[in-house]
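Okay, thanks everyone, I'll keep this short. I'd like to walk you through one structure and what the contacts in it look like. Let me put it up on the screen.

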Number of protein chains: 2
Amino acid sequence: MAKIYDRVALIGLGLIASSMFWAMKRGGLAGEITGYARSDETRRTAREIGLCDVVYDDINDAVRDADLIVLCVPVGVMGEVMAQIADAVKPGATVTDVGSVKRDVIDKVMPHIPEGVHFIAGHPLAGTEHSGPRSGFAELFDNRWCLLVPPSGTAPEPVAKLRSLWEGMGSNVEEMDADHHDLVLAVTSHAPHLIAYTMVGVADDLGRVTDGEVIKYSAAGFRDFTRIAASDPTMWRDVFLSNKDATLEILGRFTEELFALQRAIRQGDGAHLHDYFTRTRAIRRGIIEAGQDTEAPDFGRGGNARK
Amino acid sequence: MAKIYDRVALIGLGLIASSMFWAMKRGGLAGEITGYARSDETRRTAREIGLCDVVYDDINDAVRDADLIVLCVPVGVMGEVMAQIADAVKPGATVTDVGSVKRDVIDKVMPHIPEGVHFIAGHPLAGTEHSGPRSGFAELFDNRWCLLVPPSGTAPEPVAKLRSLWEGMGSNVEEMDADHHDLVLAVTSHAPHLIAYTMVGVADDLGRVTDGEVIKYSAAGFRDFTRIAASDPTMWRDVFLSNKDATLEILGRFTEELFALQRAIRQGDGAHLHDYFTRTRAIRRGIIEAGQDTEAPDFGRGGNARK
């Protein structure tokens, strides 16, 4: 794979940035990769594990001379961080981000983008429940989608170049409009996360009553919720606050449906329940056919599951 | 491992019964294992794949002479099936079940248990999203809990024997009261399943609008819900209808919490969200420490995940 950027700067060194580093190294996609993280401890860890060619203590030193700057910070501070580095970004460079919300990020970041610098919002649909500089690995983006949201009027060349980088890291890339992105993600990710957080919170309250039994007997369903609900609290707080409208819209529909199913249970309407569950089962088949999961049964024991 | 029962009859040949068969064979726990399923097709499949030593076309032929009869049918028909076999069960035999609800099953089955026959309700907390006679495997119960609910006054010997069988199949066994079981399971399994079904249904409605994008971009959270929501519709219809009170109680608490979080989002109360998500993250740690899941990040690609 050919080198795509001479110098890439990763701002914020968590799961996504560290995975990008290893994926770029795997593919030989960047000449030099610099890094910056706000906390001393993260910078120390990054240096210790060889994450980034150089880790700078000053954010502007990491950004200066970079051809691509990737903002890998929580959605709520994207605008602030962009304001901080605006003067150091070199003309002709591209700035992108990896946040889970796009309209709010574009609105907050764009005003700080200097003349002659390209901003192309981005969102790799990949992750695990772990976070921090040690959690990354080169394969995270393999066969996963990365959505690019170039603001209208963006020149085609920098978009094509950024697309090549993501493809080089293993992703499939699509371009999408910011509002559409935020609605689709509210359905596939943001609402499910809030629901999982809620259910785990309810169980925790009851868990104190039943003396740890909720954890002990978590195998049948609840365990998958805890995995989702173990994701980074700061990242998710920001996601909900900055994709407020779409998330609340989907949660409204969810509550409506849940009430209808609760009523069916209360009234003993087995036909309604059976029809509903049959329909949802078919969706699973679609996801397996779309290559976004495997058919191997998962009962939380990884390699132990029969293929 | 020593033989525990001379003759075991499996009634209903789905995921649990077929896994029990392979697990009993693995451990040499039963002399002969007979089987019965209501549908011709299931019986044909069972014979084809060697599931059960003998598969009978008549349920009473499968039951006759069995020392242990295991009811592996949906919770809603347990009572009916017990009534049907009552005359064929031999004196001194033990009847058990594997249903996900215990109070309702005990209430429905007990009246049909003949004098001199022991009934010990049971529930292995194990499963996958697959169903049917081909879905079973010997390892399903390894290191999973099996809860036994002996009605008051049950003699200790048959309980000890049934416990040995489950332990021989790899399970950890605990005894529990029926109502307590139903509440704990409402939290750890029944409510999470209904919530997953609901969210998948909402996404399906929107998926038609957004032309398959919901499936295409399912990787970040939603995918885990579809796995849960792919479980057997008949089994789950019966679970909700027969554990109505506990399920509705937990769903009520869930809705309350969800509304509180929705309000925090609407009002921009980031501190409330961050505190909540930090608390739920800690629960995940408890589950890993309890040995009910591994720490390996799961992003839906099984063996591909870095350990």
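I'll go through the interface, then the salt bridges, then a few single residues.

One thing up front: this is a predicted model.

So, the interface. What does each chain bring to it? We have 110 residues of chain A in contact with 110 residues of chain B. Together the two chains bury about 10500 Å² between them, and 67% of that is on carbon and sulfur atoms.

How are the two copies related? A rotation of 180 degrees, with 0.0 Å of shift along its axis, puts chain A on chain B with an RMSD of 0.0 Å. The two copies are thus related as by a two-fold rotation axis. And 100% of the interface residues of chain A are interface residues in chain B as well, so the copies meet through the same surface.

Now the polar side of that interface. Between chain A and chain B there are 20 residue pairs in polar contact, with both residues at pLDDT 80 or more. Which elements of chain A supply the surface? Those giving two or more residues are strand S7, helix H7 and helices H8 through H12 of chain A. H7(A) gives the most, with 22 residues. If you sort the chain A side by class, you get 51 nonpolar, 30 polar and 29 charged residues.

Some of those charges pair up, and the rule finds four salt bridges across the interface of chain A and chain B. One of them joins Asp204(A) and Arg279(B), at 2.6 Å from N to O. There's also one between the side chains of Asp204(B) and Arg279(A), again given as 2.6 Å, N to O. That pair crosses between chains, running from Asp204(B) in helix H7 of chain B to Arg279(A) in helix H12 of chain A. Buried or exposed, you may ask, for Asp204(B)? Asp204(B) is buried, with a relative accessible area of 14%. Its partner Arg279(A) comes in at 26% relative accessibility, and counts as partly exposed. For anyone who wants the general idea, side chains of opposite charge can pair when their charged atoms come close.

Okay, stepping back from the interface: over all chains, the count comes to 41 salt bridges. Let me pick out a few.

Take Glu129(A) and Arg227(A), whose closest N and O atoms are 3.1 Å apart in a salt bridge. Glu129(A) sits in the loop between strand S6 and S7 of chain A, while Arg227(A) is in helix H9 of chain A, so this pair ties together parts that are 98 residues apart in sequence. Both Glu129(A) and Arg227(A) are buried.

Compare that with a local pair in chain B. Asp104(B) forms a salt bridge with Lys108(B), and there the closest N and O atoms are 3.1 Å apart. These two are four residues apart in helix H5 of chain B, so about one helical turn separates them. Asp104(B) is at 18% relative accessibility, which counts as buried, whereas Lys108(B) is at 45% and counts as partly exposed. Back in chain A there's also a network: Asp40(A), Arg43(A), Arg47(A) and Asp57(A) are joined by salt bridges that share partners.

Next, a residue from the start of chain A. Where is Ile4(A)? Ile4(A) is in the segment before strand S1 of chain A. At 17% relative accessibility, Ile4(A) counts as buried. Leaving out residues up to four places away in sequence, Ile4(A) touches Leu29(A), Lys161(A), Ser164(A) and Leu165(A). With Leu165(A), the C-alpha atoms are 6.5 Å apart in space, and the two residues are 161 apart in sequence.

Last bit, for the people who like backbone angles. Most residues other than glycine have a negative phi. Here are two that have a positive one, both in chain B. Asp65(B) has a phi near 75 degrees, and is found in the loop between helix H3 and strand S4 of chain B. At 47% relative accessibility, Asp65(B) counts as partly exposed. Asn143(B) has a positive phi of about 60 degrees. Asn143(B) is in the loop between strand S6 and strand S7 of chain B, and at 41% relative accessibility Asn143(B) counts as partly exposed.

That's what I had, so over to you.

Technical notes:
Residues numbered from 1 in each chain as written. Chains lettered and ligands numbered in written order. Predicted model: local features only at pLDDT ≥ 70, side-chain atom pairs only at ≥ 80, totals over all residues. Heavy atoms only, no water. Contact = heavy atoms within 4.5 Å. Buried area = accessible area lost by both parts, 1.4 Å probe. Polar contact = N/O pair within 3.5 Å; in protein donor to acceptor, adjacent residues only side chain to side chain. Nonpolar A, V, L, I, M, F, W, Y, C, P; charged D, E, K, R; others polar. Least-squares fit on C-alpha atoms with pLDDT ≥ 70 in both. Buried < 20%, exposed > 50% of the residue type's maximum accessible area, 1.4 Å probe, protein only.
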